[in-house]
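This report sets out selected features of the structure shown below. It begins with a single residue and then turns to the wider architecture.

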Amino acid sequence: MPFLVVNFPSWLSPEIIPGLPVRWYGLMYVFAFMTAYFVYRKQVKERNFPMSDDELYSLFVWGIIGLLLGARLFSTLIYETSNIYRQQPWLIFWPFRNGRFTGLQGMSYHGGAFGGLLAVVIYAKVKKFSFREIGDMFATAIPLGFTFGRIGNFINAELYGRATSSPLGMIFPNAAPLPSAESWVAEIAQKAGVEITGAMVNLPRHPSQLYEALFEGIVLWAVLWFFRNKKPFKGFQVGLYFLGYGIIRFIIEYFREPDRDLGYRFEIVKTSLPTAYAHPLLSFSTGQVLCFWMIVFGVTWLIINSRLKDREAIRVYGMEEDEKTHQPSQADREAAAKERNQRRKLRKKLR
C-alpha cells in the first residue's frame, strides 16, 4: 500500500529573514559553539580544573579558528573539483561572488575536526596545560554542539541521502530529479506513492542530515559524557571521539548520496549502479575514506595514551595539594579526616 509521502517543510527557508544575508546555517554554528562552551565549562567546574574564565574563552577562540580554517580548507581543496581554489587560493576565504555576498559556502567536518585538534594542541603548549586533559573535555563537549550543524544542513535542504521508499524518506525540493523511465525509479515511486507525471521525478530521500544529528551528535555525546568520569586514562576521550565519530559516520554514509562530481573515491568491486539508488558495500565515498583515517587515528591514539606513564585518569584539583601541604593539629586532623571522607565520596561519585 502506498504511504503518504513526507514533503520537506515548505515553511523552512535557509534565510532567517528573506532578502537579508543572514542564514539559519550560520546561526546554527553560533548555537553549536555556545552549547560546546557550556558543556566544557561544566566539566571544568566539576573537576575544579585550574582554568580561568578568560583562559576558557581563549581556548574556544583558538578552537573555533582552527575548526573554521580546517573545515574551509578541506572543503575547497578536497571536495571542490573545479580547481578554482587551487588556481585562485585567495577566494577560499573571500565571501563574495560576482559582486554579491554569498558567505563561505562549503565546510568539511573532517577538516574542522583536525583543525580544531591542532589548535587545541598549540594552545595547550603555549599556555602550559596538559593537552590530554583539556583535549578530553573538549572532545566530550563537541558532539552535542555538532547536532546544530547538521540541523543547519537540513534547513538548507542539502546533503540529503539516497532515494528510498522507506517511511523515513522525505522529498527535498532541491534534490536532483531522476529519470522516470528507469525501472528502479518507477519501482521506488510506486512503493512510495509518488505520482509520475513527466520524464523526470523527484523521489523521497533519506534525511541523512537528521541521522547524523542524532547519532554523530546526541548519541556520541551521550557515550562520551558517560565515560568522562569513568575513563581509564588521560586522553581516552579524544581517542574515543575520533573512533566513535569515524565508525558512526562511515555507516551513515551508506544512506547518504555521494557528491555527484566525486562519486566513489575507492571501489574494490566496480559498480555501475546509480549513486542515488544504491551504495554498494565495497564502494567508498570521500567521507568514508576520511572516516577510515579518523578510525585509524583514534585507535592509534588510544594505544599510545594507554601506555604513557603519566596516565592518571580522574583528578579533582585542589584536593591532593591541600593534603600534602597542610600540617594539622589534632583538631585539624579530625576535621581533615571528615573532609577527606567527603572528598572520597565525591571521587567515588565522579568515577
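## Threonine 147 in helix H5

In this predicted model, threonine 147 is found in helix H5. With a relative accessible area of 10%, threonine 147 counts as buried, because the cut-off for that class is under 20%. Beyond its neighbours within four places in sequence, threonine 147 is in contact with Ala213, Gly217 and Ile218.

## Overall architecture

The protein chain contains 11 helices and six strands. Of its 351 residues, 46% are buried. Among contacts between residues at least 6 apart in sequence, 72% join residues at least 24 apart.

## The largest nonpolar core

The largest nonpolar core has 42 residues, of which Tyr40, Phe49, Met51, Leu59 and Ile134 touch the most other members. At least two residues of this core come from each of helix H1 (24-47), helix H2 (53-79), helix H4 (109-127), helix H5 (131-155), helix H7 (208-227), helix H8 (236-252) and helix H9 (286-306). The greatest contribution to this core is that of H8, with nine residues. Apart from this core lies another, of 13 residues, which includes Leu178, Trp184, Ile188 and Ala192.

Two members of the largest core illustrate its packing. Leucine 59 is placed in helix H2 and is buried, with a relative accessible area of 0%. Leaving aside neighbours within four places in sequence, the contacts of leucine 59 are Tyr40, Met51, Val120, Tyr123, Ile134 and Phe138. Leucine 59 and alanine 124 are separated by 65 residues in sequence, while their C-alpha atoms are 8.5 Å apart in space. Isoleucine 134, when residues up to four places away in sequence are not counted, touches Tyr40, Phe49, Met51, Leu59, Val120, Tyr123, Ala124 and Phe129.

## Helix H9

How far apart should the ends of H9 be, given its 21 residues? At 1.5 Å a residue, H9 should span 30 Å, and its end C-alpha atoms are 31 Å apart, so the expected and modelled values agree.

The buried residues of H9 are Thr286, Gly287, Gln288, Leu290, Cys291, Met294, Gly298, Trp301, Leu302 and Asn305. An α-helix has 3.6 residues a turn, so residues three or four places apart point the same way. The partners against which the buried residues of H9 pack are the helices H2, H4, H5 and H8, together with strand E5 (264-267) and strand E6 (283-285).

## A pocket and a cavity

The second largest pocket encloses about 150 Å³ of space. Its lining consists of Gly26, Tyr29, Val30, Phe33, Met34, Tyr37, Tyr57, Phe60, Val61 and Ile64. H1 and H2 are the elements that give two or more residues to this lining, and H1 gives the most, with six residues. By class, the lining of this pocket divides into nine nonpolar residues, one polar residue and no charged residues.

The structure also holds one cavity of 30 Å³ or more, and about 70 Å³ of space lies in the largest cavity. Which of the 11 lining residues are the closest to the centre of the largest cavity? They are Gln43, Arg47, Met137, Arg228 and Lys231. The elements that supply two or more residues to the lining of the largest cavity are H1 and H5. This cavity lining comprises two nonpolar, four polar and five charged residues.

## Residues with positive phi

Most residues other than glycine have a negative phi. Asparagine 48 nevertheless has a positive phi of about 55°, although this residue is not a glycine. Asparagine 48 lies in the loop between H1 and H2. Is asparagine 48 buried, exposed or partly exposed? Its relative accessible area is 48%, so asparagine 48 is partly exposed.

Alanine 157 likewise has a positive value, with phi near 55°. This alanine lies in the loop between H5 and strand E3 (178-179). Alanine 157 has a relative accessible area of 5% and is therefore buried.

Note on methods. Residues numbered from 1 in each chain as written. Predicted model: local features only at pLDDT ≥ 70, side-chain atom pairs only at ≥ 80, totals over all residues. Heavy atoms only, no water. Core = buried A, V, L, I, M, F, W, Y, C linked by side-chain atoms within 4.5 Å. Buried < 20%, exposed > 50% of the residue type's maximum accessible area, 1.4 Å probe, protein only. Helix = DSSP H or I, 4+ residues; strand = E, 2+ residues; numbered from the N terminus. Contact = heavy atoms within 4.5 Å. 1 Å grid on protein atoms, 1.4 Å probe; cavity = no way out; pocket = protein on both sides within 12 Å on 5 of 7 lines; lining within 4 Å. Points joined across faces, edges and corners; volume = space filled by probe spheres on them. Nonpolar A, V, L, I, M, F, W, Y, C, P; charged D, E, K, R; others polar. Expected span 1.5 Å × (residues − 1).
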